[in-house]
Amino acid sequence: GFAVGIYTTNSPEACHYVAENCSANVVVVENHKQLQKILEIEHKLPDLKAIVQYGEELKEKRPNLYSWSEFRDLGKDVPDAQLHQIIASQKPNQCCTLIYTSGTTGQPKGVMLSHDNLTWTAGAAGRFITLTDAREKQELVVSYLPLSHIAAQMSDIWSAMAFGAQVFFAQPDALKGSLVDTLREVRPTAFLGVPRVWEKMEEKMKSIGAKSSMFRRKVASWAKGVGLQTNLKRMNGYSEVPVNFRLARRLVYKKVRKAIGLDRCTKCYTGAAPITRETLEFFLSLNIPVLELYGMSESSGPHTMSLPQAFKLSSCGKEITGCRTLIDKPDRDGNGEICFSGRHIFMGYLNMEEKTREAIDEDGWLHSGDLGKHDKDGFLYITGRIKGAASPEACLGMGLAFWAASALCLLISSLLSIITPKSLSSTLQCTTDVETGEPGDDLTPEAVEFCQKLGSKATKVSEIISSKDKAVYAAIQKGISAVNEGAVSNAQRVQKWVLLEKDFSLFGGELGPTMKLKRPVVVQKYKDQIAQFYADVDAPT
């Protein structure tokens with residue numbers, strides 16, 4: 001049999017889609033809450049033979065419902081010879097696991113990955129970033145992303161097994177705030193953070209920094225300036241380390257790394273969604289190069305990776321050894337569709353031959369749907385999407401850059417371009433229910449303090465929106481205007497914007513399990529506000 005992951009945040013309907021699509025025979029659930037979802041759809045799963053619950057004791061007895069111990073007992077009478085025979089019959093080109101795409105652009109598709117896909121990619125990617133074999137020195141990693149996602153599977157399961165890494169599992173509420181505590185405890189040697197994790201760390205560090213004494217703020221500002229300039233020079237091949245950088249490392253950088261648990265980490269990566277240049281520069285200024293990687297479920301995870309000694313800001317790095325990239329039908333600037341080739345390319349989509357043919361052409365190239373180009377040194381850059389509207393990440397690169405650099409980042413939480421970068425929706429920094437992850441109405445203390453400096457008495461998101469708070473709206477418009485002044489063309493200028501009542505979240509359905517924005521969900525949920533963009537003549541004042 002082979003494993004198929006379902007996200008714990010999935011609704012019963014979403015669970016049904018995956019279980020029915022792959023003709024699941026056995027469904028394994030963690031607890032009573034997850035069990036209820038399966039019981040609700042059980043009658044619509046004709047291939048289902050059994051349900052196994054492992055995380056807690058069963059609260060009810062049903063036919064074909066097993067506790068973990070009952071499930072294990074089923075194997076007591078199966079001779080080892082039978083098991084060894086099955087293991088020996090496995091072939092490298094047979095399907096090992098199914099990864100269902102996140103469904104951010106449509107119905108999830110079952111990505112079939114073979115044994116060879118996984119073992120080859122784990123070895124090739126690990127060697128490329130010089131993971132150390134455990135017989136020499138053991139790597140330490142923290143697992144916190146859903147294991148039904150290819151990024152977590154490749155990092156926490158397949159690569160960890162290939163190199164003998166020690167895996168520490170974070171608390172279930174890791175993405176709600178406890179991850180940094182785990183990082184401080186484990187002190188990993190390699191860490192993959194989705195962009196939202198790095199952004200939240202950045203926000204927290206800026207928030208703490210804003211409360212520091214004037215002297216500490218000046219020292220930090222000096223150190224960050226030195227750190228950014230030195231690391232940018234390093235990035236461009238300049239190897240000399242100035243004296244002031246060594247001093248800043250002792251006074252600031254080492255302390256910061258220790259505070260977030262990355263003092264032993266030599267491989268800090270980000271992937272699964274785009275990240276802003278400003279967040280990368282923020283960590284680079286603290287001597288923490290956050291390296292980008294790029295790939296898809298269909299490429300068994302990574303295809304290109306950056307290295308500590310070979311990276312460029314906003315680039316996804318270079319192809320892993322053994323992988324090949326084709327820029328299909330490039331334009332005059334070298335932009336074309338990014339296509340992959342190599343032993344990491346998937347077998348196809350389960351029961352979707354037509355979709356598979358759309359993805360893999362006759363020459364064996366996997367078409368990503370992403371637009372990109374290579375620079376003269378062979379570094380890959382993602383510049384947009386080839387299908388449908390331009391991606392918000394490509395559109396908003398410049399806008400986000402200015403926002404993150406300004407004091408408004410204490411107030412603004414999320415940004416999303418609608419259809420084109422000329423219209424923009426944003427959310428405010430608000431408190432979050434630590435149990436459910438639901439965004440509240442109360443502004444964070446930092447946002448309240450910022451509002452007070454503007455002359456606003458608002459303490460809630462609803463107060464700002466209902467009264468169209470003049471001080472806050474004026475400050476946001478000032479930030480937008482600063483962005484627009486730096487735009488190289490009218491197409492990059494933000495013309496209209498709106499504040500939304502709630503921050504984007506897993507709870508609200510706008511974010512997927514790896515904190516990637518579900519654009520169609522947002523567009524549907526806020527269709528009235530989007531329609532207003534086209535009804536209004538003028539921008540908010």
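What follows is a walk through a predicted model, from a patch on its surface to a cavity inside, then on to salt bridges and a few single residues.

Let's start on the outside. Val26, Val28, Tyr54, Trp68, Phe71 and Leu74 come together in a nonpolar surface patch of about 560 Å². If you want to find that patch by secondary structure, look at strand S2 (26-29) and helix H3 (68-73), each of which supplies at least two of its residues. Tyr54 is another member of the patch, and you'll find tyrosine 54 in the loop between strand S3 (50-53) and strand S4 (65-67). Why can tyrosine 54 count towards a surface patch? Its relative accessible area is 44%, so it is partly exposed, and a patch residue needs over 30%.

Now let's go inside. How many cavities of 30 Å³ or more does the model have? The count comes to 4, and the largest cavity holds about 70 Å³ of space. Its wall is built by Val141, Val142, Tyr144, Leu145, Ala151, Ala152, Ser155, Asp156, Ala190, Phe191 and Leu192. Three elements give two or more residues each to that lining: strand S7 (140-143), helix H6 (150-163) and strand S9 (190-193). Of these, H6 gives the most, with 4 residues. Sorted by class, the lining of the largest cavity comes out as 9 nonpolar, 1 polar and 1 charged residues. The polar one is Ser155 and the charged one is Asp156.

Just before strand S9 there is a backbone detail to look at. Arginine 187 sits in the loop between helix H7 (179-186) and S9. Its phi is positive, about 55°, although arginine 187 is not a glycine. With 31% relative accessibility, arginine 187 is partly exposed. Lysine 329 has a positive phi too, near 50°, and again the residue is something other than glycine. This lysine is in the loop between strand S14 (324-328) and strand S15 (336-341). Lysine 329 has a relative accessible area of 74%, so it counts as exposed, the cut-off for that class being over 50%.

Next, the charges. The structure holds 22 salt bridges, and three of them, each inside a helix, are worth a visit here. In the pair formed by lysine 206 and glutamate 202, the closest N and O atoms are 3.0 Å apart. Why can these two side chains meet? Lysine 206 and glutamate 202 are 4 residues apart in helix H8 (residues 195-210), so about one helical turn separates them. How do the two partners sit, buried or exposed? Glutamate 202 is buried, at 6% relative accessibility, while lysine 206 is partly exposed, at 23%.

Further along the chain, arginine 357 pairs with glutamate 353, and here the closest N and O atoms are 3.8 Å apart. Both partners belong to helix H12 (residues 353-359), where 4 residues, about one turn of the helix, lie between their positions. Arginine 357 and glutamate 353 are both exposed. A third bridge links glutamate 449 and lysine 453, with 3.8 Å between the closest N and O atoms. Those residues are in helix H15 (residues 445-454), also 4 residues apart and about one turn from each other. Glutamate 449 is partly exposed at 36% relative accessibility, whereas lysine 453 is exposed, with a relative accessible area of 67%. Salt bridges don't have to come as lone pairs, either: shared partners join Lys312, Asp375, Lys376 and Asp377 into one network.

The last stop is a residue with no accessible surface to speak of. Isoleucine 476 is found in helix H17 (residues 470-485). Its relative accessible area is 0%, so isoleucine 476 counts as buried; the cut-off for that is under 20%. Isoleucine 476 and leucine 499 are 23 residues apart in sequence, and their C-alpha atoms are 9.9 Å apart in space.

Technical notes: Residues numbered from 1 in each chain as written. Predicted model: local features only at pLDDT ≥ 70, side-chain atom pairs only at ≥ 80, totals over all residues. Heavy atoms only, no water. Patch = residues over 30% accessible without salt bridge, like charges linked within 9 Å, V, L, I, M, F, W, Y side chains within 5 Å. Areas by Shrake-Rupley, 256 points an atom, 1.4 Å probe, with all protein chains shown as cover. Salt bridge = Lys/Arg side-chain N within 4 Å of Asp/Glu carboxyl O. Buried < 20%, exposed > 50% of the residue type's maximum accessible area, 1.4 Å probe, protein only. 1 Å grid on protein atoms, 1.4 Å probe; cavity = no way out; pocket = protein on both sides within 12 Å on 5 of 7 lines; lining within 4 Å. Points joined across faces, edges and corners; volume = space filled by probe spheres on them.
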